[in-house]
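Thank you for making time for this at the group meeting. I would like to walk you through one structure, and I ask that you keep the view open while I talk.

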Amino acid sequence: MDALVVGGGIIGLAAAHSLADRGVDVTLVEKGSLGNASTARSAGGIRSQFSTRVNVELSLASKAVWNSFKQRFGVDIGLRKNGYLFLARTDETAERFRENVDMQRELGAESELLTPAEATEHCPGLDPDPFVAATYNPDDGIADPNLAVQGYAEAARERGVDIRTKTAVTALHREGGRVVGADIRAVGADEAERHEVDCVVNAAGAWAAAIGEMTGVDLPIAPRRRQIAVVDPSPPVPESVPLTIDLETGSYFRPERDGVALVGGHFDEDDPDRDPDAYDEGMDVEWAACAVEHAAAYTEYFGLDSRIKRGWAGLYAVTPDHHPVVEETIPGFVTVAGFSGHGFQHAPASGRIAADLVVDGETDLLDASLLSADRFERDETPTERSVA
């Protein structure tokens with residue numbers, strides 16, 4: 001069996017690795033450099049604290065890989081289990097937190113419901129007064145996405161995956177309703193190369209809808225711009241502090257090494273689609289000032305002496321319910337995209353599911369029907385609410 005994986009971010013690499021493990025001959029094409037799009041611009045979070053069962057299941061299955069990544073791949077991804085701390089300002093959100101924790105624990109996660117005072121034991125600089133409840137999971141944490149890309153890429157190559165960077169898909173071909181091939185073109189090549197395949201895996205992230213259009217498929221995946229600021233906080237954020245999210249405002253921060261902190265959040269009601277080939281990858285200074293002000297409103301870590309050092313913008317590939325599309329969209333065309341900001345952490349499980357769909361037409365890892373795009377027509381999926 002021959003498969004073509006479109007997209008060299010963490011999702012595409014995980015899918016290529018899993019396919020090669022199943023004995024598939026795999027070619028992966030990436031129009032830029034490996035992991036240089038959304039993966040490299042990720043905050044690197046890994047968590048189990050989601051509001052829907054399927055996202056928690058993706059997290060737990062992926063954590064099994066992240067927790068043993070060094071042993072499996074020989075690469076230390078800098079995994080730090082500082083935990084995640086979610087904060088609720090209203091009784092309504094607090095009640096959802098209670099339900100979320102019950103569900104997460106039922107599935108095997110270590111989440112716990114806290115009072116605001118208890119939350120300060122994990123985040124000593126937190127002002128508990130604005131909040132009515134919190135949740136915390138000590139098994140959540142962060143890792144380095146670039147190191148994870150290196151680990152997956154090296155392991156995929158060792159299994160025979162033909163990885164081609166600076167190579168774009170220019171067309172997909174169908175026969176009798178089935179995708180049977182692709183035209184791929186390397187930078188500088190005079191013409192495209194026809195590539196015959198048994199299956200194409202669309203792991204193109206923010207470009208996934210454009211790849212779908214090549215087959216006549218309309219995928220509900222929209223590129224949305226998000227930003228991160230690198231801040232010298234005053235006073236410093238201890239490295240033991242968890243990634244902390246004020247859920248109702250969207251503000252979050254986490255400690256980085258060498259005394260700096262990452263600060264983020266989306267605060268504008270306007271959230272237009274972006275052209276993934278032509279968007280501003282730099283940080284907006286006004287947004288950064290707003291993000292730091294939000295964080296300063298509920299912690300002591302971002303006082304007047306804090307300094308914004310730099311930052312960047314990347315793209316979330318967003319679906320209407322903040323769950324990915326993972327399915328065989330049409331025969332010979334598997335989609336694994338639309339992770340709405342959660343692609344890095346869910347890559348191991350999602351790559352495995354994509355490979356199962358290619359080889360077996362189904363997966364036993366979880367109920368993948370919950371992630372098929374026709375859920376939007378059936379209106380059968382809840383919206384993920386724990387999104388930052």
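Before I use a database annotation, let me say that UniProt positions are given here in the numbering used for this chain, that feature names are shortened, and that such annotations may be inferred rather than shown by experiment. With that in mind, UniProt lists residues 2-357 for "domain: FAD dependent oxidoreductase", and the entry is an unreviewed one. Please also remember throughout that what you see is a predicted model. Over residues 2-357 the chain is 28% helix and 29% strand, and the C-alpha atoms at the two ends are 14 Å apart.

Let me begin with the sheet. It is an open sheet of 8 strands with mixed pairing, and the order is β5-β6-β4-β14-β15-β16-β13-β17. Its edge strands are β5, residues 112-114, and β17, residues 307-318, each of which pairs on one side only. From one strand to the next, the twist averages 20°. At the β5 edge, β5 pairs with strand β6, residues 133-137, in the antiparallel sense over 3 bridges, and there Leu113 has Thr135 in β6 as its bridge partner.

Now please move along the sheet to β15. How many of the residues of β15 are buried? The count is 5 of 5, and the strand is mostly covered. Ser251, Phe253 and Pro255 point one way from the strand, while Tyr252 and Arg254 point the other way, and all are buried.

On one hand, β15 is joined by 3 bridges to strand β14, residues 243-246, with the two running antiparallel, and Thr244 stands opposite Phe253. These two strands form a hairpin with 4 residues between them, and Gly250 in the turn has a positive phi of about 85°. On the other hand, 4 bridges join β15 to strand β16, residues 261-264, again in an antiparallel run, with Arg254 standing opposite Leu262. This hairpin has 5 residues between its strands, and in it Asp258 takes a positive phi near 65°.

Phe253 also brings us to the aromatic rings, since a search of the whole structure finds 11 aromatic pairs. Why is the pair of Phe253 and Phe302 called edge-to-face? The ring centres are 5.4 Å apart and the planes stand at 75°, and because planes over 60 degrees apart count as edge-to-face, the pair falls into that class. Phe253 lies in strand β15 and Phe302 in the loop between α8, residues 285-296, and β17, so the pair ties together parts that are 49 residues apart in sequence. Phe253 is buried, with a relative accessible area of 0%, and Phe302 also counts as buried, at 4% relative accessibility. Elsewhere, Trp66, Phe69, Phe73, Tyr152 and Phe344 form one aromatic cluster.

Finally, I would like to look at a single polar residue, Gln227, which lies in strand β13, residues 222-232. Is Gln227 buried or exposed? Its relative accessible area is 11%, so Gln227 is buried, given that buried means under 20%. The side chain of Gln227 reaches the backbone nitrogen of Asp284 at 2.7 Å. Leaving aside residues up to four places away in sequence, Gln227 touches a set of residues that includes Tyr252, Gly264, Trp287 and Trp312. Tyr252 is a residue we have already met, as one of those that point away from β15.

Notes: Residues numbered from 1 in each chain as written. Predicted model: local features only at pLDDT ≥ 70, side-chain atom pairs only at ≥ 80, totals over all residues. Heavy atoms only, no water. Buried < 20%, exposed > 50% of the residue type's maximum accessible area, 1.4 Å probe, protein only. Polar contact = N/O pair within 3.5 Å; in protein donor to acceptor, adjacent residues only side chain to side chain. Contact = heavy atoms within 4.5 Å. Pairing = 2+ DSSP bridges. Axes fitted to C-alpha atoms, helices over the stretch in contact; angles between N-to-C directions. Phe/Tyr/Trp six-rings, centres within 6.5 Å; stacked < 30°, edge-to-face > 60°.
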